[in-house]
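Reader: I would like a close look at one part of this model, the salt bridges, and then at what lies around them. Please take it residue by residue.

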Amino acid sequence: MKPERDILKPRGAVLIFTPDMGNVTVIKRDEGVSWGALYWQYFEQLDKITFAETPLKLNKKLFLQTNASSGQVITPIDENTSLKIGDLVKVRIELEVDRDMEYVQMKDMRASCFEPTNVISQYKYQDGLGYYESTRDASTNFFFGWLAKGSYVFEYPLRITNTGDFSNGITSIQCMYAPEFTAHSEGVRVLVK
């Protein structure tokens, strides 16, 4: 089938995306059932990414963890929070799933100013859910063989190691054999003085 419009440009040319490129018509000319998918992928600065919701819902929060006379205290990190080298940050990922799913991966990216304190990858079990947690250079990955319908909270600590203005990245989740089930959190900036 010949495309009505060719959006590919020769090497070196600039391709400008416009909203009308999102209008797609699919025509099937023979009998029977067909399956297909269409994905529009582009690159964006991580801290400019907004929350995306599907049957999977993700919410990522950062907390400053301090010790008080009554024990550990966590305070939400916002633009007014003063962070410094050596501070302990707790990452909290809240996940809601509206159906049972198999073979799901969740990837939590982190800013380059953060160093994980639990660096050993291992199988974990919490609240009836078993998963494999793998710590990598720029992210922490969670692998679920079976993810039952419900709400889950994942937490892990990070240590601040550098000063500057950082993009903390996003948390994304996707079903490996049904990639249409995907979601991601919003991007966040972190300022360390």
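**A salt-bridge network and its surroundings**

Author: K90, R92 and E155 are joined in a network of salt bridges. The model is a predicted one. Within this network, the side chains of K90 and E155 meet with an N to O distance of 3.8 Å, which counts as a salt bridge because the limit is 4 Å. The pair links distant parts of the chain, with K90 in strand β3 and E155 in strand β9, 65 residues apart. K90 has 17% relative accessibility and counts as buried, while E155, at 35%, counts as partly exposed.

The search of the whole structure finds nine salt bridges. Another of them joins D165 and R189, at 3.2 Å from N to O. This pair also links distant parts of the chain: D165 is in strand β10 (residues 164–167) and R189 is in strand β13, 24 residues apart. D165 is partly exposed at 47%, and R189 is partly exposed at 38%. K28 forms a salt bridge with D30, where the closest N and O atoms are 2.6 Å apart. K28 is partly exposed, with a relative accessible area of 35%, and D30 is exposed at 55%.

Strands β3, β9 and β13 also appear in the account of the nonpolar interior. The largest nonpolar core has 34 residues, and those with the most contacts inside it are L95, F114, F144, L147, F154 and I173. The elements that give two or more residues to this core include β3 (88–97), β9 and β13 (189–192). I173 touches L95 and L147, among others.

F144 and F154 have a second role, since they form one aromatic cluster with Y131, F142 and Y156. The rings of F142 and Y156 have centres 6.4 Å apart and planes at 50°, so the pair is tilted. F142 lies in strand β8 (residues 139–147) and Y156 in strand β9 (residues 150–160), so the pair ties together parts that are 14 residues apart in sequence. Both F142 and Y156 are buried.

The structure holds seven aromatic pairs. In one of them, the rings of Y103 and Y177 have centres 5.6 Å apart and planes at 90°, so this pair is edge-to-face. Y103 lies in strand β4 and Y177 in the loop between β11 and β12, so the pair ties together parts 74 residues apart in sequence. Y103 is partly exposed at 45%, and Y177 is exposed at 69%.

Conventions: Residues numbered from 1 in each chain as written. Predicted model: local features only at pLDDT ≥ 70, side-chain atom pairs only at ≥ 80, totals over all residues. Heavy atoms only, no water. Phe/Tyr/Trp six-rings, centres within 6.5 Å; stacked < 30°, edge-to-face > 60°. Helix = DSSP H or I, 4+ residues; strand = E, 2+ residues; numbered from the N terminus. Buried < 20%, exposed > 50% of the residue type's maximum accessible area, 1.4 Å probe, protein only. Core = buried A, V, L, I, M, F, W, Y, C linked by side-chain atoms within 4.5 Å. Contact = heavy atoms within 4.5 Å. Lists of a residue's contacts leave out its neighbours within four places in sequence.
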